[in-house]
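I opened this file to get my bearings. My notes follow in the order in which I looked things up.

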Amino acid sequence: MGIFKWIAGFLGFIITGGSPLGALAGYALGSLFDGGIDIQTSDGYWQNQQTSGGYDNYGRSQRVDIGQRNSFLFSLLVLASYIIRADGKVMHSEMEFVRSFLRANFGEQAVKEGNDILQRLFEKQKEMDGQQPGSYRNIVMQSCQQIAANMTYEQRLQLLSFLAQLVKADGIVDGKEVQALRDVAMAMRLSASEVDSMLNLNDSSSNLDAAYKVLGVSPDATDDEVRKAYRVLALKHHPDRVATLGEDVRKAAEKKFQEINAAKDLVFKARGM
């Protein structure tokens with residue numbers, strides 16, 4: 001399935017009149033909007049056939065909300081365009097991270113189409129900031145507010161997880177990119193501690209300090225506080241909470257959930273719990 005196919009299918013809350021994300025979509029997708037976006041199923045859902053028999057591990061039929069899914073994926077590309085250029089340059093490693101994500105979830109055609117969307121968004125950023133510095137940031141922050149008003153908390157956390165991985169893609173955690181990530185998180189009504197947690201996920205299985213940051217507690221916390229922090233975190237990040245976005249997004253959430261459990265295991269072992 002190509003990027004333009006899912007965007008042409010249904011864009012959910014993005015295509016509401018006068019919205020900042022709608023304005024960016026109109027620029028990035030061009031001819032699709034000229035032709036109208038009206039291809040969708042009768043109820044806005046499709047049956048997820050990527051699992052065995054179309055059911056999850058609990059035997060529940062998996063139905064994917066097309067509007068939520070496509071809005072999530074386009075929002076991801078918009079926010080990625082902002083994070084990537086936060087340090088004033090576009091790194092090959094960052095672009096390759098996005099391409100790898102698209103390739104894994106949508107195939108080779110989606111890589112080209114997603115890359116085209118990002119290039120158009122980069123051009124729009126250059127154009128807007130050339131006319132009025134900071135104007136692209138403003139529309140991205142407005143877009144984040146639109147995302148906060150229309151996506152669930154768990155879906156926003158999954159966006160944050162992807163963006164945090166993007167910040168670390170070139171092996172250098174640039175201060176400007178981290179600040180851009182924090183700004184995006186705040187505008188999406190997420191917290192600074194959630195940013196720190198996502199930035200430390202990859203190191204949490206072997207680095208005790210990182211593991212504590214993932215759990216959102218200090219090394220001085222009591223055992224009961226650590227257990228409570230883990231329970232809260234596990235509930236927030238359970239993969240089932242983003243199942244309506246599709247099996248590929250749920251699998252990404254599952255990987256993140258495993259990393260949270262690895263952080264918990266390291267902390268518990270260090271404490272003899």
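Surface. I looked up the accessible surface of the protein chain and found about 12400 Å². Carbon and sulfur atoms account for 50% of that surface. I note here that the model is predicted.

Burial and make-up. Of the 273 residues in the protein chain, 51% count as buried. I listed the secondary structure next, and it comes to 13 helices and 2 strands. I then took the contacts between residues at least 6 apart in sequence; 70% of these join residues at least 24 apart.

Confidence. The pLDDT of the protein chain averages 77, and 78% of the residues score at least 70. I compared the elements: helix 7 (residues 135-150) has the highest mean pLDDT, 94, and strand 1 (residues 45-47) has the lowest, 44. Over residues 31-61 the pLDDT is below 50, though this stretch has 58 contacts in the model beyond near neighbours in sequence. Where pLDDT is low, the predicted coordinates should not be read in detail.

Cores. Which residues touch the most other members of the largest nonpolar core? I found Leu79, Ile83, Leu181 and Val184, in a core of 58 residues. Helix 4 (residues 66-84) gives the most to this core, with 11 residues. I followed Val184 further: leaving out residues up to four places away in sequence, Val184 touches Leu79, Tyr82, Ile83, Met141, Cys144 and Leu163. There is also a second, separate core of 16 residues, which includes Leu215, Tyr230, Phe257 and Val267.

Helix 6. I checked the length of helix 6 (residues 108-131), which has 24 residues. At 1.5 Å a residue the helix should span 34 Å, and the end C-alpha atoms are 35 Å apart, so the two values agree. Among the buried residues of helix 6 are Ala110, Val111, Ile117, Leu118, Leu121 and Phe122. Glu113, Asn115, Lys124 and Gln125 of helix 6 are buried too.

Helix 8. I repeated the check on helix 8 (residues 153-167), with 15 residues. The expected span is 21 Å and the end C-alpha atoms are 21 Å apart, which agrees. Is helix 8 largely enclosed by the rest of the structure or largely open? I counted 13 of its 15 residues as buried, so helix 8 is largely enclosed.

Lys251. Last, I looked up Lys251, which lies in helix 13 (residues 247-271). Lys251 has a relative accessible area of 49%, so I entered Lys251 as partly exposed. The C-alpha atoms of Lys251 and Pro239 are separated by 7.3 Å, with the two residues 12 apart along the chain.

Definitions and conventions:
Residues are numbered from 1 along each chain as its sequence is written. This is a predicted model: local features need pLDDT of at least 70, side-chain atom pairs count only at pLDDT 80 or more; totals for chains, interfaces and linings use all residues. Side-chain values use heavy atoms; hydrogens and water are left out. Helices (H or I, at least four residues) and strands (E, at least two) are DSSP runs, numbered from the N terminus. The expected span of a helix is 1.5 Å times one less than its number of residues. Buried means under 20% relative accessible area, exposed over 50%, partly exposed in between (1.4 Å probe, protein chains only). Contact means heavy atoms within 4.5 Å. Accessible areas come from the Shrake-Rupley method with a 1.4 Å probe; for residues, only the protein chains shown count as cover. A nonpolar core is a set of buried Ala, Val, Leu, Ile, Met, Phe, Trp, Tyr and Cys residues joined through side-chain atoms within 4.5 Å. pLDDT is the predictor's confidence in each residue, from 0 to 100.
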